[in-house]
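The paragraphs below begin at the ligand, follow the protein that surrounds it, and end with three loop residues that deserve a separate look.

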Amino acid sequence: MKITVVGTGYVGLVSGACLAEMGNDVMCLDVNSAKVAFLREGGIPIYEPGLEDLVRRNVQAGRLHFTDDVAASVAHGDVQFIAVGTPPGEDGSADLQYVLAAARGIARHMTGRKIIVDKSTVPVGTADKVRAAVAEVLAERGVDLPFSVASNPEFLKEGAAIHDFMSPDRVVVGADDEYTVGVMRRIYEPFQRTHDRLMVMDVRSAELTKYAANAMLATRISFMNEMANLAEAVGADIEQVRRGIGADPRIGYHFLYPGAGYGGSCFPKDVQALSRMAGEHQLPMRVIEAVEAANDEQKFRLARKIVRRYGEDLSGRCFAVWGLAFKPNTDDMREAPSLTVIEELTRRGATIRAYDPVAMDEAAKVLKHNPRVTFVTDMYDALEGADGLVLVTEWKVFRAPDFERVRALLKTPLVLDGRNQYNAADLKAAGFEYEGIGRA
Ligand code: NAD
């Protein structure tokens with residue numbers, strides 16, 4: 001099938017490459033011409049495990065193309081997936097300007113029937129707005145062409161995006177007509193494994209499903225973070241509590257890890273957007289608002305532990321930070337908790353020696369205004385002369401470091417484990433001052 005994907009970010013590029021891998025002829029459009037040129041030269045603008053090989057293979061096979069020419073991309077695909085960003089607007093609601101610009105671009109150049117698919121995370125009612133935008137442009141052009149708008153929210157996780165797209169738990173399709181449903185079924189047929197995972201529903205339910213899923217996951221995190229903070233206060237160990245509650249199949253072990261707060265390009269903005277969406281209907285979202293407030297607070301937790309240990313004035317102090325990306329296996333720094341940790345420590349006078357296996361270039365862009373941050377190319381170099389190690393992102397390389405070496409390099413053998421990666425008793429026996437999250 002001939003497919004166009006609009007937007008070559010984490011979702012667009014992965015979707016385009018995976019659709020090509022299944023034999024489709026895919027054209028990816030981006031307004032960022034530099035990005036398109038880079039992709040055409042064989043570059044991959046983001047870090048995502050396995051993506052480089054997948055893209056290269058499909059480009060070489062002639063099934064995956066990149067363009068910044070809207071007319072060419074519209075002409076290419078009978079199906080046009082919109083996978084552009086939906087960042088938070090000033091009031092926290094999803095900013096739809098890129099989605100609507102993509103829709104108008106399709107309308108300006110289409111000459112025959114198109115299925116337009118919203119893959120971006122968009123508030124309920126967006127498909128109607130996309131439909132109206134397309135209809136308006138077609139009316140301006142004085143042409144009457146058939147088109148439909150479907151919702152197909154994406155559930156992939158950065159860091160495991162290819163696996164998630166190739167082997168989805170479910171594929172949600174919101175569509176109003178049989179023709180569109182039939183085409184979407186054909187596209188996703190190769191991705192169904194043991195059983196049919198395609199869920200066809202009405203468009204509004206599909207749009208809401210994405211927000212409900214992210215809000216539920218964020219709720220679990222904030223719940224566990226608050227429970228961890230309580231565990232610290234009452235002298236309990238959240239890791240034991242986690243095991244105790246996760247064994248209940250109604251609860252389960254997934255997504256029950258306390259930490260330094262959630263970040264990334266999805267949870268913070270989607271939780272906010274969901275609240276705003278409900279607000280438009282005069283519905284308070286008390287749980288969701290609390291989830292957001294608890295998370296905003298949690299991001300300060302690690303810095304507060306340092307202040308409790310060393311006092312408000314941190315001038316002359318240096319801290320090693322391991323892990324900058326908002327989670328392992330990605331270079332995405334959007335809303336990363338490490339940024340709050342670094343900001344809180346440096347504004348009190350501390351300096352930071354930071355290391356991340358892949359996100360340092362991205363981090364350097366975000367932190368370029370902060371002269372107190374030094375990036376080092378070896379994780380152990382970060383520790384030299386530091387008043388403590390702060391583990392913020394649980395990359396595998398940090399799981400079992402050479403603790404003797406860690407101890408020898410640190411000025412003060414303090415380990416603040418923001419992801420409860422280490423065995424507290426072992427570290428204490430090895431002479432470390434150790435603090436995790438929720439482990440009294
Ligand atoms: P991104 O910021 O990485 O990429 C968006 C891309 O769209 C950019 O390359 C940008 O240049 C391009 N773009 C913007 N306007 C365009 C236009 N009119 N025409 C062509 N290209 C255009 O975004 P992302 O992280 O891939 O997210 C895209 C959407 O998917 C968002 O709605 C997001 O909430 C959702 N989503 C993201 C993830 C994730 O893990 N990142 C997961 C599921 C859903």
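An oxygen atom of the ligand lies 2.5 Å from an N or O atom in the side chain of Lys269, a polar contact in the sense of a pair of N or O atoms within 3.5 Å; within protein, one atom must be able to donate a hydrogen and the other to accept it, and residues adjacent in sequence count only if both atoms are side-chain atoms. The model is predicted, with pLDDT of at least 70 needed for local features and 80 or more for side-chain atom pairs, whereas totals for chains, interfaces and linings use all residues. Residues are numbered from 1 along each chain as its sequence is written, and side-chain values use heavy atoms, with hydrogens and water left out.

Of the 830 Å² of accessible area that the ligand has on its own, the protein covers 88%, the areas being computed by the Shrake-Rupley method with a 1.4 Å probe, and with only the protein chains shown counting as cover for residues. Two elements, α1 (10-21) and α5 (97-109), give two or more residues each to the shell around the ligand; helices (H or I, at least four residues) and strands (E, at least two) are DSSP runs numbered from the N terminus.

Glu158 also makes a polar contact, with an N or O atom of its side chain 2.7 Å from a nitrogen atom of the ligand, while at Val31 a polar backbone atom is 3.4 Å from a ligand nitrogen. In total, 26 residues surround the ligand, with Asp30, Lys35, Thr86, Glu158 and Lys269 the closest, where a residue is near if one of its heavy atoms lies within 4 Å. Both domain 1 (2-201) and domain 2 (211-296) supply at least three residues to this shell, the bounds coming from an automatic or database domain assignment.

The loop between α10 and α11 contains Cys266, which an unreviewed UniProt entry annotates as "active site"; such annotations are given in the numbering used here, with shortened feature names, and may be inferred rather than shown by experiment. Cys266 is partly exposed at 29% relative accessibility, the term covering values between buried (under 20%) and exposed (over 50%), with a 1.4 Å probe and protein chains only.

Most residues other than glycine have a negative phi. Phe255, however, has a positive phi near 60°, and this residue lies in the loop between α10 (238-246) and α11 (267-280). Glu335, with phi near 55°, belongs to the loop between β9 (318-322) and α14 (337-346).
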